[in-house]
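Notebook open, viewer open. I'm going through the sheets and then the helix packing, writing things down as I look them up.

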Amino acid sequence: MMKIPYTTSLTTLFSYGLLFAFGKLRDLFRKFFEWWKDTNNLHGYAPICLGIEDFYVRRVYLRAQDCFNRPIASAPDSWIDVVDRYYDDTIKTLKRTTNTSKCLNLGSYNYLGFAASDEYCTPRAVESLKKFSPSTCSTRVDGGTTTLHVELEDCVAKFVGKPAAMVTGMGYVTNSAILPVLIRKGGLIISDSLNHNSIVNGARGSGAVVRVFEHNTPSHLEEVLREQIALGQPRTRRPWKKIIVVVEGIYSMEGELCKLPEIIQVCKKYRAYTYLDEAHSIGAVGKSGRGVCELLGVDTADIDIMMGTFSKSFGSCGGYIAASKEVIEYLKFSCPAHLYATAISPPAAQQIISSIRVILGEDGSSRGAQKLASIRENSNFFRSELQKMGFEVLGDFDSPVMPIMLYNPSKIPAFSRECLKRNVAVVIVAFPATPLLLARARICISASHTREDLLKALEVISEVGDLVGVKYLLAEPKKREDGRVKLE
């Protein structure tokens, strides 16, 4: 787990303590006012929203709501048009204006730049729109399977190196709907402690027993596996019907690469299935964009279930599951995301097919290879420069996801607002998406960013970092040739 600097931890806890204390005091006065004026109109009904989450939304989130849900009026390219808003005190909410601000986009998952107009992908997506319409208006098992869907599944299976694949209309649902079908009561899911919420919800809904191992720690995974195999199922102590270990290729809130080779070795040793979520890694890393398996030299045959999404590197929407033909056939007969949900939009399917062809060079150009080289160079350059400036940046090199730690609740909106004033759009992430004390700004780099874009972003972030006070890591002192510290 991440070690928070002692002073930073104290000041962050003190800040949240003040917010909590004054918030509770205001709630007490509000209840007294409602009782005195009899303004409570619930008439015996219990409040729908209760608990600490409701308190957090009212007393913390609403104070920084202008930093979230910002509408944009353009494609999510390297530069975007952010709609200007103002706070209307009469209705206590934000209202949009007709004005926009052109901002450098450091928040979208547009890793390879396909989300904007593309010379190869866009014309083909438009043609598919004319031929197939925006929606099939049907599920896959009824009238929702077009020739594009069949082609897409074949294309995805070939791209990731698996015998078969199944696509769904939403990436989040791919995890939350697939896991309950793959494993049920009597099974065991062992999940990384920092897995995405879609995995958490899918695991909870499966009915299987869920155990967690320390983030990206194969040694602790082995301890958990050995202990659970020895104990067996609760109460009955019977052997587990099935064990699935679930990890991510690149952790979306950490920017960290999975220690996949070591985890696979542990899973093989204890005969546990491996489920790999490549939402942020497929298309973005690896020599030919095939994800962490290619980057880390892992044979895809060693991964039992490969999951990914199309809303990042491929500039579209939806998700996929790739596995053996038997597993995919079973999922198509039993997965609610396939049986009951509307099929992925045909133009979205065509966009994915076209982008994969560009990545593989099947469009007759080298643009795919250039995009892959650009995102790697951009990501590593940006990460190294942020670290030199003294920011606490999480994650690994080659990862396009770069969380900058903010910690303090007052610095979360301040960092976002000051960046926006300087025409740089960043995403800030706080509770409940992260633990309460580990708020951060999450930078996402794209192949479409030019070196000039990155230099501007670094200049603004450095300036804002000094202003807000989030350069937590002091630069290492320079040394002379004799090894002594060089005084400036």
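Which strands form the open sheet with antiparallel pairing, and in what order? I get three strands, in the order β12-β15-β14. Note to self before going on: this is a predicted model.

**Entry 1, the three-stranded sheet.** I looked for the edges next. They are β12 (401-405) and β14 (427-429); each has a single partner strand, so one side of each has no neighbour in the sheet. From one strand to the next, the twist averages 30 degrees. Then I checked the pairing of β14 with β15 (residues 440-444): the two run antiparallel and are joined by three bridges. In that pair, I428 sits opposite A441 of β15.

I also followed the loop between β14 and β15, where P432 lies. The peptide bond joining F431 and P432 is cis, with omega about 10 degrees. I've flagged that one in my notes.

What lies across this sheet? I found α13 there, lying across β12 and β15 and running at about 15 degrees to β12.

**Entry 2, α13 against α15.** Staying with α13, I looked up its helix partner. A reminder on bookkeeping: two packed helices are described by the angle between their axes and by the distance between those axes. For α13 (residues 367-389) and α15 (residues 451-468), I have an angle of about 20 degrees and axes 11 Å apart. The cut-off for roughly parallel is under 35 degrees, and α13 and α15 are therefore roughly parallel to each other. Their crossing is right-handed.

For the contact itself, I listed N378, F381, F382, E385, L386 and M389 on the α13 side, meeting R451, L454, L455, A457, L458, I461 and S462 of α15. Sorted by class, this contact of α13 with α15 has nine nonpolar, two polar and two charged residues.

**Entry 3, α14 against α15.** Which other helix did I find on α15? Helix α14 (residues 411-421) packs with α15 at an angle of about 140 degrees, the axes being 10 Å apart. The crossing of α14 and α15 is right-handed. From α14, K411, A414, F415, E418 and C419 make the contact, and they meet V460, I461, V464, L467 and V468 in α15. The class count here is eight nonpolar, no polar and two charged residues. I461 is on my contact list for α13, and I461 is on the α14 list too.

**Entry 4, the seven-stranded sheet.** On to the other open sheet. How many strands, and in what order? There are seven, ordered β3-β11-β10-β9-β6-β4-β5, and the pairing is mixed. β3 (164-168) and β5 (209-213) are the edge strands; each has a single partner strand, so one side of each is left without a neighbour in the sheet. Ignoring direction, neighbouring strands of this sheet are turned by 20 degrees against each other on average.

I picked one pair to inspect: β4 (residues 187-192) and β6 (residues 242-248) run parallel, joined by five bridges. L188 has I243 in β6 as its bridge partner.

Two helices on this sheet went into the notes. Helix α10 (residues 325-334) packs on the sheet and touches β3, β10 and β11, and its direction makes about 30 degrees with that of β3. Helix α4 (residues 147-160) lies across β3, β10 (305-309) and β11 (319-323), but runs at about 125 degrees to β3.

Beyond the edge strand, I checked the loop between β5 and α7 (218-231), which holds N216. N216 isn't a glycine, yet its phi is positive, near 55 degrees.

**Entry 5, β1, β2 and β13.** Strands β1 (residues 79-88) and β2 (residues 93-105) pair in the antiparallel sense over nine bridges. In this pair, I80 is matched with C103 of β2. The hairpin of β1 and β2 has four residues between the strands, and K92 takes a positive phi near 55 degrees there. β2 also pairs with β13 (residues 424-425), in the parallel sense and over two bridges. For L104, the bridge partner in β13 is V424.

**Entry 6, the record.** Last lookup: an unreviewed UniProt entry lists residues 102-461 for "domain: Aminotransferase class I/classII large". In the model, that span is 42% helix and 17% strand, and its end C-alpha atoms lie 17 Å apart.

Technical notes:
Residues numbered from 1 in each chain as written. Predicted model: local features only at pLDDT ≥ 70, side-chain atom pairs only at ≥ 80, totals over all residues. Heavy atoms only, no water. Axes fitted to C-alpha atoms, helices over the stretch in contact; angles between N-to-C directions. Parallel < 35°, antiparallel > 145°, perpendicular 65-115°, else oblique. Left-handed = near helix turned anticlockwise from the far one by under 90°. Contact = heavy atoms within 4.5 Å. Nonpolar A, V, L, I, M, F, W, Y, C, P; charged D, E, K, R; others polar. Pairing = 2+ DSSP bridges. UniProt positions renumbered as here; feature names shortened; annotations may be inferred.
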